[in-house]
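Here are a few worked exercises to go through with the model open on your screen. Try each task yourself before reading the solution.

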Amino acid sequence: MLRSVTTGLMAAVICAAMVGCHMQSDSATRPMMAATQPTPAIAAPPDDPSKVSPLPVGAAAPAAVLTRADGSSADLAALYAAKPTVLIFYRGGWCPFCNAHLAALAKIQPDLLALGYQIMAISPDQPAELEKTSAKHHLNYQLLSDSQMKLAQAFGLAFRVDDTTLTKYRGYGIDLEKYSGQPHHLLPVPAVYIVDQSGKIRFVHYNPDYKQRMSDEEILAAAKSALK
């Protein structure tokens with residue numbers, strides 16, 4: 001128990017040093033929680049990433065049927081039940097900060113698998129774009145397409161990109177409609193969730209500043225703590 005509390009305190013200090021960071025772990029909050037928190041109704045995505053309302057620890061993780069890079073279906077409800085899950089939400093393969101995060105995650109994949117976890121990384125990218133990202137960075141874990149952003153909205157992570165930012169992205173050669181195949185102009189705030197086999201959220205970390213991500217060491221520490 002002392003190790004669990006110490007891990008939670010250390011992670012909180014790390015998070016506090018990251019501007020805008022939000023983190024919650026089940027091991028840190030369990031004594032204060034009387035019951036699992038219900039999943040709130042899905043609200044319209046805000047226009048500001050700092051105004052998202054991600055699901056907290058204790059809530060039921062939303063499930064959906066997403067699409068893998070090879071076009072096959074991935075039923076999250078069944079996948080949650082199979083193994084505890086490290087669930088990553090990222091903006092897309094066009095984002096260099098996301099690519100660095102995905103590559104760092106690959107470094108701890110053997111450790112996470114040894115702990116019994118599976119890894120799933122979700123973005124608005126179409127399956128064909130997922131294949132490019134996976135091949136480019138030699139990723140062996142699952143990348144899943146949430147091109148309509150329904151799952152990201154259910155998790156409370158979606159926001160609408162404003163017209164000024166869209167114009168700036170197009171100037172960089174980034175066409176969000178091309179990557180997702182959809183005209184919604186939605187992106188997820190980057191986040192890390194840990195979900196147990198009952199479908200309960202055990203850990204949450206998100207940051208509206210897309211340049212700030214959890215390190216691989218921090219993710220591994222959170223994964224170990226969530227099992228206690």
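**Exercise 1. Find which strands α6 lies across, and its angle to β6.**

Start with the helix itself. α6 lies across β2 (65-68), β5 and β6. Now take its direction: α6 runs at about 155° to β6. Keep in mind throughout that this is a predicted model.

For the wider setting, the protein has ten helices and ten strands. Of its 228 residues, 49% are buried. And among contacts with a separation of 6 or more, 72% are between residues 24 or more positions apart.

**Exercise 2. Work out the strand order of the open sheet and name its edge strands.**

Step one is the order. Eight strands make up the open sheet, and they go β1-β10-β9-β4-β5-β6-β2-β3, with mixed pairing.

Step two is the edges. β1 (22-25) and β3 (73-75) each pair on one side only, which makes them the edge strands.

Step three is the twist. On average, neighbouring strands in this sheet are turned by 25° against each other, direction ignored.

**Exercise 3. Describe how β5 pairs with β4 and β6, and decide whether β5 is buried or exposed.**

First, the β4 side. Strand β4 (residues 85-89) runs parallel to strand β5 (residues 118-123), and five bridges join them. To see the register, find T85, whose bridge partner in β5 is Q118. V86 stands opposite I119 in β5.

Next, the β6 side. Here β5 and β6 also pair in the parallel sense, over four bridges. Pick out M120: its bridge partner in β6 is Q142.

Then look at the side chains. Q118, M120 and I122 point one way from β5, while I119, A121 and S123 point the other way. Every one of these is buried.

Finally, put that together. Six of the six residues of β5 are buried, so this strand is largely enclosed by the rest of the structure.

**Exercise 4. Locate the largest cavity and say what lines it.**

Begin with the search. Across the whole structure, three cavities of 30 Å³ or more turn up. The largest has a volume of about 70 Å³.

Now select the lining: R91, W94, P124, D125, L176, Y179, S180, Q182, H184, H185, L186 and L187.

Ask where these come from. α9 (176-180) and β8 (186-188) each supply at least two of the lining residues. The largest share is from α9, with three residues.

Last, sort the lining of the largest cavity by class: six nonpolar, four polar and two charged residues.

**Exercise 5. Do the same for the second largest cavity.**

Its volume is about 40 Å³. The residues to select are L166, Y169, R170, I174, D175, L176, E177 and H185.

For the source elements, α8 (163-171) and α9 each give at least two lining residues. α8 contributes the most, with three residues.

By class, this second lining holds four nonpolar, one polar and three charged residues.

Compare the two selections and you'll find L176 and H185 in the lining of the largest cavity and also in that of the second largest.

**Exercise 6. For H138 and H185, find the sign of phi, the location and whether each is buried or exposed.**

Take H138 to begin with. Its phi is positive, about 55°, although it is not a glycine. You'll find H138 in the loop between α6 (127-137) and β6 (142-145). With a relative accessible area of 65%, H138 is exposed.

Now H185. Its phi is near 60°, again a positive value in a residue other than glycine. H185 sits in the loop between α9 and β8. Its relative accessible area is 18%, and under 20% counts as buried, so H185 is buried.

**Exercise 7. How far apart are D48 and F159 in sequence and in space?**

Find D48 in the loop between α2 (26-29) and β2. D48 is partly exposed, with a relative accessible area of 30%.

Then measure out to F159. The two residues are 111 positions apart in sequence, while their C-alpha atoms are 6.3 Å apart in space.

Definitions and conventions:
Residues are numbered from 1 along each chain as its sequence is written. This is a predicted model: local features need pLDDT of at least 70, side-chain atom pairs count only at pLDDT 80 or more; totals for chains, interfaces and linings use all residues. Side-chain values use heavy atoms; hydrogens and water are left out. On a 1 Å grid over the protein atoms alone, a cavity is a set of points where a 1.4 Å probe fits but cannot get out, and a pocket is an open set with protein on both sides within 12 Å along at least five of seven lines; lining residues have an atom within 4 Å of a point. Grid points are joined across faces, edges and corners, and a volume is the space filled by probe spheres set on the points. Ala, Val, Leu, Ile, Met, Phe, Trp, Tyr, Cys and Pro count as nonpolar, Asp, Glu, Lys and Arg as charged, and the others, Gly among them, as polar. Buried means under 20% relative accessible area, exposed over 50%, partly exposed in between (1.4 Å probe, protein chains only). Two strands pair if DSSP finds at least two bridges between them. Axes are lines fitted to C-alpha atoms, for helices over the stretch in contact, and angles run from 0 to 180 degrees between N-to-C directions. Contact means heavy atoms within 4.5 Å.
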